[in-house]
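Me: I have a structure open and have not looked at it before. Can you walk me through it?
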Amino acid sequence: MKASLLKLQRRKTKPEGRPKSNYRVVGFSICLFISFAFWLMNMLSKKYTESMVFYIEYQHLPQPGNRISATDTMRIKVNTTGYRILGYKLGIFDKFINIDAGQFRRKDNQYFYTLTNHLHTEKIEEQLGEEVKMTDISPDTLYIRPVEPQTPAKD
C-alpha cells in the first residue's frame, strides 16, 4: 500500500492539451546548429582563389560618356578569405574599380590602358583592400574608342 501511494505522489500531473516536448530533440538541434556555425566560421576564415567580375568606373574621360565605347567589366582572379568572397557575392563590398582615363595612351583613334604594368595592378589592388591579392586579370588591356554620332539619313 505504501508503495502505491509513493508512485501516485511521484507522478506528475500533465495539463491536458499541451503536447509533450522532446527535450532530447531540441538539445540535439541546438548542438547541431552550434557545430554548423563553428564549421562555417572555420571554413570562411581560410584563403580561397576565386574569379570574380568587377565593374569599371572611368574618371576623366576624353569625351562625354555617351560618345565613347569602352570596356564595362573586368574579370579578376583574387586570393582572399572566404569572408571577403562572401561579402563580394552578397553585395556587402563594392565591386567597382575606378580607372583614371587620363592615364590612357592614345594610338590612332583609340585610347588604351595596359593592366600588365606593375604600377597599374597595384592601383587596382589598393581599391580591393589589404587582404585581397590579385593573381590574374582579364582583359589585360582596356580600350576607349570614340563613337561618331549617327546622322539621320536624308531622303
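Reply: One definition to start with: a contact means heavy atoms within 4.5 Å. Counting contacts with a separation of 6 or more, residues 24 or more positions apart account for 77% of them in this chain. Keep in mind that this is a predicted model.

Me: How many helices and strands does the chain have?
Reply: There are 4 helices and 8 strands. Along the sequence the pattern reads α-α-β-β-β-α-β-β-β-α-β-β.

Me: What percentage of the residues count as buried?
Reply: 23% of the 155 residues do.

Me: Let's do the sheet. What is the order of the strands in the open one?
Reply: The order is E4-E1-E3-E7, with mixed pairing across the 4 strands. E4 and E7 are at the edges with a single partner strand each, so one side of each has no neighbour in the sheet. From one strand to the next, the twist averages 35°.

Me: Which sense do E1 and E4 pair in, parallel or antiparallel?
Reply: Parallel, over 5 bridges. One residue pair to look at there is Tyr58 with its bridge partner Ile99 in E4.

Me: And E1 with E3, parallel or antiparallel?
Reply: Antiparallel, over 9 bridges. Thr49 stands opposite Asn79 of E3.

Me: How many bridges join E3 to E7?
Reply: 5 bridges, and those two strands run antiparallel. Ile76 has Ile137 in E7 as its bridge partner.

Me: Back to Ile99. Is it buried or exposed?
Reply: Ile99 counts as buried because its relative accessibility is 2%, and buried means under 20%. Its place is in strand E4.

Me: What does Ile99 touch, leaving out residues up to four places away in sequence?
Reply: Ile99 touches Ile56, Glu57, Tyr58, Gln59, Phe104, Tyr113, Ile124 and Leu142. Take Glu57 as one example: Ile99 and Glu57 are 42 residues apart in sequence, yet their C-alpha atoms are 6.2 Å apart in space.

Me: New topic, the largest nonpolar core. Which residues in it touch the most other members?
Reply: Met74, Ile99, Phe104, Ile124, Leu128 and Leu142, out of 23 residues in that core. The elements giving two or more residues to the core are E1, E3, H3, E4, E6, H4, E7 and strand E8, which covers 141–146. E1 provides the largest share, 4 residues.

Me: Why would nonpolar side chains be buried together?
Reply: As a general tendency, that is what nonpolar side chains do in soluble globular proteins.

Me: H4 is on that list of elements. Which of its residues are buried?
Reply: His120, Thr121, Ile124 and Leu128 are buried in helix H4, which spans residues 118–128. Viewed down the axis of H4, the buried residues fall within an arc of 95°, so they line one face of the helix. On the other side, His118 and Glu126 are exposed.

Me: What do the buried residues of H4 pack against?
Reply: They pack against strands E1 (47–59), E3, E4 (96–100), E6 (110–114) and E7 (133–138), and against helix H3 (82–90).

Me: And what follows H4?
Reply: Gly129 does, and its phi is positive, near 125°.

Me: One more spot, Thr80. Where is it?
Reply: Thr80 is in strand E3, residues 73–81. Thr80 counts as buried because its relative accessibility is 0%.

Me: Which backbone oxygen does the side chain of Thr80 reach?
Reply: That of Glu131, at 3.3 Å. Setting aside residues up to four places away in sequence, Thr80 touches Lys46, Lys47, Tyr48, Ile85, Glu131 and Val132.

Me: What about Thr81, buried or exposed?
Reply: Thr81 is buried, with a relative accessible area of 18%, and the cut-off for buried is under 20%. Thr81 is found in strand E3.

Me: Which residues is Thr81 in contact with, leaving aside its neighbours within four places in sequence?
Reply: Leu44, Ser45, Lys46 and Lys47.

How values were computed:
Residues numbered from 1 in each chain as written. Predicted model: local features only at pLDDT ≥ 70, side-chain atom pairs only at ≥ 80, totals over all residues. Heavy atoms only, no water. Buried < 20%, exposed > 50% of the residue type's maximum accessible area, 1.4 Å probe, protein only. Polar contact = N/O pair within 3.5 Å; in protein donor to acceptor, adjacent residues only side chain to side chain. Arc of directions from axis to C-beta. Core = buried A, V, L, I, M, F, W, Y, C linked by side-chain atoms within 4.5 Å. Pairing = 2+ DSSP bridges. Axes fitted to C-alpha atoms, helices over the stretch in contact; angles between N-to-C directions.
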